[in-house]
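Here are my notes for someone opening this structure fresh. Have the viewer ready and follow the points in order.

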Amino acid sequence: MVLDITNIDLYTILTAIGIIFLKFLVIIIVYAIVKSLGTKIISRLFERATKRQGLTLGRAKTLEKLTINIFTYSLIFFLVIMVLENVFDVRTTAILAGAGIVGLAIGFGAQGIVSDVVTGFFLLLEKQVDVDDYVTTAGFSGIVEEVGLRTTKIRDFDGSLHYVPNREISNLTNHSRGNMRALIDIGISYDDNIDFAIQVMQNVCDQVAAEDETIIEGPNVVGVQGLGDSDVVIRIIGKTENMQQWAVERKLRKALKEALDANGIDIPFPHQVYIEKKD
Amino acid sequence: MVLDITNIDLYTILTAIGIIFLKFLVIIIVYAIVKSLGTKIISRLFERATKRQGLTLGRAKTLEKLTINIFTYSLIFFLVIMVLENVFDVRTTAILAGAGIVGLAIGFGAQGIVSDVVTGFFLLLEKQVDVDDYVTTAGFSGIVEEVGLRTTKIRDFDGSLHYVPNREISNLTNHSRGNMRALIDIGISYDDNIDFAIQVMQNVCDQVAAEDETIIEGPNVVGVQGLGDSDVVIRIIGKTENMQQWAVERKLRKALKEALDANGIDIPFPHQVYIEKKD
Amino acid sequence: MVLDITNIDLYTILTAIGIIFLKFLVIIIVYAIVKSLGTKIISRLFERATKRQGLTLGRAKTLEKLTINIFTYSLIFFLVIMVLENVFDVRTTAILAGAGIVGLAIGFGAQGIVSDVVTGFFLLLEKQVDVDDYVTTAGFSGIVEEVGLRTTKIRDFDGSLHYVPNREISNLTNHSRGNMRALIDIGISYDDNIDFAIQVMQNVCDQVAAEDETIIEGPNVVGVQGLGDSDVVIRIIGKTENMQQWAVERKLRKALKEALDANGIDIPFPHQVYIEKKD
Amino acid sequence: MVLDITNIDLYTILTAIGIIFLKFLVIIIVYAIVKSLGTKIISRLFERATKRQGLTLGRAKTLEKLTINIFTYSLIFFLVIMVLENVFDVRTTAILAGAGIVGLAIGFGAQGIVSDVVTGFFLLLEKQVDVDDYVTTAGFSGIVEEVGLRTTKIRDFDGSLHYVPNREISNLTNHSRGNMRALIDIGISYDDNIDFAIQVMQNVCDQVAAEDETIIEGPNVVGVQGLGDSDVVIRIIGKTENMQQWAVERKLRKALKEALDANGIDIPFPHQVYIEKKD
Amino acid sequence: MVLDITNIDLYTILTAIGIIFLKFLVIIIVYAIVKSLGTKIISRLFERATKRQGLTLGRAKTLEKLTINIFTYSLIFFLVIMVLENVFDVRTTAILAGAGIVGLAIGFGAQGIVSDVVTGFFLLLEKQVDVDDYVTTAGFSGIVEEVGLRTTKIRDFDGSLHYVPNREISNLTNHSRGNMRALIDIGISYDDNIDFAIQVMQNVCDQVAAEDETIIEGPNVVGVQGLGDSDVVIRIIGKTENMQQWAVERKLRKALKEALDANGIDIPFPHQVYIEKKD
Amino acid sequence: MVLDITNIDLYTILTAIGIIFLKFLVIIIVYAIVKSLGTKIISRLFERATKRQGLTLGRAKTLEKLTINIFTYSLIFFLVIMVLENVFDVRTTAILAGAGIVGLAIGFGAQGIVSDVVTGFFLLLEKQVDVDDYVTTAGFSGIVEEVGLRTTKIRDFDGSLHYVPNREISNLTNHSRGNMRALIDIGISYDDNIDFAIQVMQNVCDQVAAEDETIIEGPNVVGVQGLGDSDVVIRIIGKTENMQQWAVERKLRKALKEALDANGIDIPFPHQVYIEKKD
Amino acid sequence: MVLDITNIDLYTILTAIGIIFLKFLVIIIVYAIVKSLGTKIISRLFERATKRQGLTLGRAKTLEKLTINIFTYSLIFFLVIMVLENVFDVRTTAILAGAGIVGLAIGFGAQGIVSDVVTGFFLLLEKQVDVDDYVTTAGFSGIVEEVGLRTTKIRDFDGSLHYVPNREISNLTNHSRGNMRALIDIGISYDDNIDFAIQVMQNVCDQVAAEDETIIEGPNVVGVQGLGDSDVVIRIIGKTENMQQWAVERKLRKALKEALDANGIDIPFPHQVYIEKKD
């Protein structure tokens, strides 16, 4: 700033003040416009997302508030710096450098936290996971107890509670999104007649399906799945209501075992042929 | 900005305003040209891609709209800054620094999200994967239910639904891109005649192939694949319609087992030679 | 700084000093406002967190003090630089560059330490883990002895003490957050009657449940979990008070074994069918 | 830009315009020279590469066009900025900052895509892999169907189609670059005479080699490869035409097994010595 | 630097020199204050750490000296640059750029070394590990021989010496921080009476505990830990003085084996049920 | 650039041109000096490396040419920019920013390629690997066919050709750098006399060593390497010419087996003690 | 640079030249001081390191020379730039930008090389590893043949030569730093008397220790290490001279086996109880 100090008079000073004031006004006006515009855009975006994705109102409000807060704080930060710089002519390098260092600290130290919140934001926005879903993610399985901004809580079937930072949730398997498959492999003896065994097993399947309302489809014997070391493996596949697959599988296993016994069909133990050799 | 305030007169002010106006005009004109040019180029690129790659019209429109939006918002951002800087002579360091910090935040926190969208863009543009394809990627297998900008949904055969963020999809195996192989290894006894066994098995293959329309090629006995611990392994290879390979393999296994039984050829159990030693 | 040294007079000097003083004042005032405002916001945030999350008063005070310290030191750093730059007109590039290099050093060398403290901050703030909880994290299991800002100490059941840097704690499984499951798989012989065995086992379960007050739910026989190589696997599931699951499981195992013995039901050894072949 | 607006006259304006024009001219000339030079250099480089590496003309033209496009677009980008900056005296910080942010976005979001294209460029330029080669890379094996700029398609032997992004292709094993080895390990009994067994096996090898034209070298018995738990392992090695190794190995296995049978040499089952102990 | 050389006279020169001198003075004073203040703060911090953490005086002095050295060298670096820049008006961009490149080199090349020293600093400051502790870290186990600033030496029980760079030490398990558990699993026959066996084993435990002063708690029979393939597994747990767990376990094993033998209780060999089948 | 346009006369213009010319001269001279000096230093360095490391002349020339090219192109790049900036007073920010973006692109996209060339440079300069060496690196083993700037080709023993990008080559094991060890473990029966067995085996070793010229040292029986489940393991170690180790091992195995047979020493099959128990 | 060209006279020119000369002098003086000071500090540091760490003189000289070279070249680089900038007033942005790009290239392309040299520097400076030591590092074991600045050569016991880039050496296990442990586990029958067996084994240990001078301590029978499936495991531990552990272990194994045989103590084969069941 070059200031020719020798020739200062009132006129000059007033002019200078006028210019300062003008600049201030321009900045404030731009700020006001950007703020109201930004807030409106954010609100409308969330409205649309709520409708399209069927978000609960609570979830949507939480996310909208968070977004508007971040937006407002950033704007105020810019406003302060621009006023200091353009109006009061204060060099703000220090503030900006400080902000830069803070940015770097975020980058390295708190990277995980920021990443958690960003992923959490999307977990809440989308519908990949709801409370009470049975999911597998980040190496854990269990019932979701809470989806938070930073961590998701998953209750294991053994009673443990897994705290999973959202950033660890990339691939997610949701086991509560439709009917499940019941699958049973039964090994029968190489000496038994395959057709007869399949007949017996299909009968059991039909009987169980008739009795159990949680079964949606099948179960059916699909055929010879493998020729094992000691047994011919027959596969049975069915479809059940969600979370009922294990109960159905247990029921089927018991019924199949008893039916095979009743029909003289062997579920064979491991076999071995031995050849004696004189030493 | 050096402003010699002592000698201001109307002429000077007008000249200054004229220059400001001129600069504004130049910027607006450049903006208009770049915008219309850019939009045209983008449209034409998508037109060409649609034709060449056989994209569905819906997919192409979605991608085009996304691209034009991003392009327009970037241009407006530049326009605002350049006008503020060159016309109103406002120092925009703060805005730019702010944009830089946002960039950094993207880099670290939301990196995954950006990466998802970029990969999603290419997944939609190319034809690696369609809805209803049976694919294996990111450690999951199943039928694709939806290819989104951020996540791809894969329905596992057991009924679970895998949400795979697109960035996790790098290697992708598509099992629905042509005919599939049916492969069966059958172990026969070391005492059996190999030629006879192959003859029997080839007969079965021919018979099954004649009956089953989903078989495209073979199946044929290709020969002795291995000399195992207890058996001589014979391999059979055929080609079937897509997704029919398992049914064909099951049918073949059953037919082969029955034919070998009928011809007195043994599928041997594990063997062991015992040498008794007196203690 | 262009200084026309030839025409210096007292008036000029006074004016210059006045401007310097004014700038100084503005900076100090801004500093004072920002400081008192920031401190208040931090205090209020911690108050709210204490209430909402049920933090102990000690934990909250520690975290609040740490936060205010960091905030104050950062402000003083900015104050010094801005005064030097704007008031004394000293070029501070060196200081800023130095701070940048320090930032880089943090980024690479002490990255882990910073990351530890940030994660530690959240571990103390949230309630994922308390002293005396039984947790599994970072590959270690044991009782938490201390949650520090930099490391968490976990006492293994074998007496070893694990020092886990907080940054290593991402997924955390807390085994002290509710009742636990007792699960026992018992294999019975293929020759035994499944219904009778289940009856015997359920009786044992009811008896044990009646005697043991740490059992919350069940235990119950859920059915045939598997058809193993040599046995039919029956599963029993119950719920116990936290940390009592192992004692309950041991008690159940003993009672089940004795009841099965008494009822002539076999827990079978591995079976093998052998077929003698002449050499 | 300091513009003394009070003393403007025609002469000054003309001079200024002249200088602007001169600068414009210099920039355009430099641009023209660099462009024509660069294009020539690129063309010549590809010509040379085509000759030396035996590239197909199609491949070379594709790569050349891509290179020249990138080069031209970069040049135009520079031209525009330099003209705006030096001739029209417009501050281009915003454009450059924008370009920087785009660069950052490339760095993080689209990093994989850029990396794919760069690697794809070299895959096309060099001759590591051709369509119809049988390769192993990125954990997949199969016949190459297409080498693209972004992905390479590999058809697995089971009919699946692997889409491998080029960046995943670092180590690449090409199985179609010369003759292949056929290797067979045969275990004979500890009681058999090694020399006799080797004699029998070498005879089989010679016979097969005489009959099969796809065999290039050997196969020969190389000696006792191991003293196993139950057998003395003899190794046979030969060389065959590319892709014929499996057929030759199958043929050899069958012939060897039959010859050993005919000569009373045993391929032994697992042996075990058992010592009975009274309880 | 604009220097109107035409009108230089003594007065001007003196004024200029005066300003230079003033600036120099300000810098030196700030330097002196910062230095003495910083040194005092560092000293006080270490005093406090020594008291609170019970550091040995030697360790504390080493760390304090290192810290003050680094602090002083950094200050001198800043002093030199600021004097050159502000007093002698020498452009120091080159020095700063050089320092930046050095910083980059640190970042990439010597990153590990810096990281080692930072972690080493905290290893010395905290009390995770002392010389002669038995620790497991970075995949190595052994007795700590030396904790250095860059590497920690661990003597394996087999005599090897592991040099572990401190940066590799993140999770650390210290086995010398309290009493250790002795744990023995003994399998008894399915035919034996569990209550009687537990009685016999508890007697042995009481006897050994009475004789051995290194035993702190127990050992006690906790119950049936598992129903194995061939045995009922009984678990015994006790607590011993640090590093005595192995000796106690060995003593217990011998005594238990002898007592079980004396009472006719079997530690069973693996069992197998054989079913003969005619071929 | 402040240009007082009102008072231009011939003298001023000439002076300005003179200054421009002078600057140009200085730059050109510095350029010439740096270039000739740099080239000489590079040449001398390669001369020395050639002598000291025994590089082939071809290799050295290739590397020298590459180095000088890179050096010259960099210098020309600097020359152009400095002339434009200092002589023609053209602002070169755009060019530099462009170069920066290119640098970034290298950093992310082509990082692998640059890394390949740098490592390739050192692979050629040092003597870790020569064509026809048998090496193991990056998970591949085989005979080196070519060491290129970007990739190294390794021919597997099975005939496949591995293309290994040089950056993947960090640890490298060269099996063609001296004599190799032949190592054989022979298990003898627990009933046999160890001293006698060692005597017999040593005799075989001496005999084979006498007959085979590729054996450099030993082979000798070193003693009882282990007490296995069913056998006492005796180890034999010898040294052979490079690549002859396998042939020697095969020869030794055959000779040892025959000698042990002749002396009635057993290479035992797996043993098992059977205890019959009545059910 | 503002140069009022209209009023140039000899006096002005001389003054300007004088100032240039003065600046040059200051820079040269600072350079000279920094250089001589730096060199002295480096020399003294190495002197001290040599004494304290017992470095060989050769090693120390190599490292000192390298350090001084790097220091001098850096100084010259700074000198040139500062002279060009401050004395000849040439804008050096281009050079600095160039240096920055080179730095980036180092960062990404040659990162490994720089990292190798830095680690190599410390490997030479410290005494973790000497030529002829037997070490395990980076997954390789063997005798160190050479510790270089970039790679370390390790000769495997099988004759292969491992080239390990120094950066791969983080954890390093040195097996040549003191006496080694000899450890033998012997399984005796469950039927044998433990006390008697320990007596016999201890006698053997004492006898071997008396005969063998490479044994430093023990060996002693420490007790019952485990109750295995078929045997009671007795552990023997001793200490031997470095590299003699294997020979001692072999000798002990032979002597123990013979002594146990002589005393009728069984080293048992795997046991199995079998229970025959009628089908």
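1. A term to start with: two strands pair if DSSP finds at least two bridges between them. Strands here (E, at least two residues) and helices (H or I, at least four residues) are DSSP runs, numbered from the N terminus. With that in hand, look at C:Met180, whose bridge partner in β8(C) is C:Thr240.

2. Some housekeeping. This is a predicted model, where local features need pLDDT of at least 70 and side-chain atom pairs count only at pLDDT 80 or more, while totals for chains, interfaces and linings use all residues. Residues are numbered from 1 along each chain as its sequence is written, and chains are lettered from A and ligands numbered from 1 in the order in which they are written.

3. Now the sheet around that bridge. In chain C, 3 strands make an open, antiparallel sheet, ordered β6-β8-β7. At the edges sit β6 (180-188) and β7 (215-227) of chain C, each pairing on one side only. On average, neighbouring strands of this sheet are turned by 20° against each other, direction ignored; angles in these notes run from 0 to 180 degrees between N-to-C directions, with axes as lines fitted to C-alpha atoms, for helices over the stretch in contact. The antiparallel pairing of β6(C) with strand β8 (residues 232-240) of chain C covers 9 bridges.

4. What lies across this sheet? Helix α5 (residues 194-211) of chain C lies across β6, β7 and β8 of chain C, and runs at about 160° to β7(C). There is a visitor from another chain too: α6(A) lies across β7 and β8 of chain C, at about 50° to β7(C). Contact between two residues means that their C-beta atoms, placed from the backbone, lie within 7 Å.

5. Stay in chain C for the helix pair. The axes of α5(C) and helix α6 (residues 245-262) of chain C come within 9 Å and cross at roughly 140°. The two are therefore oblique to each other; the scheme counts angles under 35 degrees as roughly parallel, over 145 as roughly antiparallel, 65 to 115 as roughly perpendicular and the rest as oblique. The crossing of α5(C) and α6(C) is right-handed, where right-handed has the near helix turned clockwise from the far one by less than a right angle, and left-handed has it turned anticlockwise.

6. Which residues of α5(C) meet α6(C)? They are C:Val200, C:Met201, C:Val204 and C:Val208, and across from them in α6(C) are C:Lys251, C:Leu252, C:Ala255, C:Leu256, C:Ala259 and C:Leu260. The residues of this contact split into 9 nonpolar, no polar and 1 charged. For that count, Ala, Val, Leu, Ile, Met, Phe, Trp, Tyr, Cys and Pro are nonpolar, Asp, Glu, Lys and Arg are charged, and the others, Gly among them, are polar.

7. Over to chain A. The domain assignment gives domain 1 (11-109), domain 2 (128-174) and domain 3 (180-262); such bounds come from an automatic or database assignment. Domain 2 and domain 3 of chain A have C-alpha centres 32 Å apart. Helices α5 (residues 194-211) and α6 (residues 245-262) of chain A have axes that come within 9 Å and cross at roughly 140°. That makes α5(A) oblique to α6(A), and their crossing is right-handed.

8. In chain E, strands β7 (residues 215-227) and β8 (residues 232-240) run antiparallel and are joined by 8 bridges. One of the partnerships is E:Val221 with E:Ile236 in β8(E). A hairpin of 4 residues leads from β7(E) to β8(E).

9. Check the backbone in chains F and G. The F:Gly218 to F:Pro219 peptide bond is cis, with omega near -10°, and F:Pro219 is in strand β7 (residues 215-227) of chain F. In chain G, a cis peptide bond joins G:Gly218 and G:Pro219, with omega about -5°. G:Asp132 is not a glycine, yet has a positive phi of about 80°; look for G:Asp132 in the loop between α4 (111-125) and β1 (134-137) of chain G.

10. Finally, the sheet of chain G. Its 3 strands form an open antiparallel sheet in the order β6-β8-β7. β6(G) pairs with strand β8 (residues 232-240) of chain G over 9 bridges, and G:Gly187 stands opposite G:Val233 in β8(G). Helix α6 (residues 245-262) of chain G lies across β6, β7 and β8 of chain G, at about 25° to β6(G).
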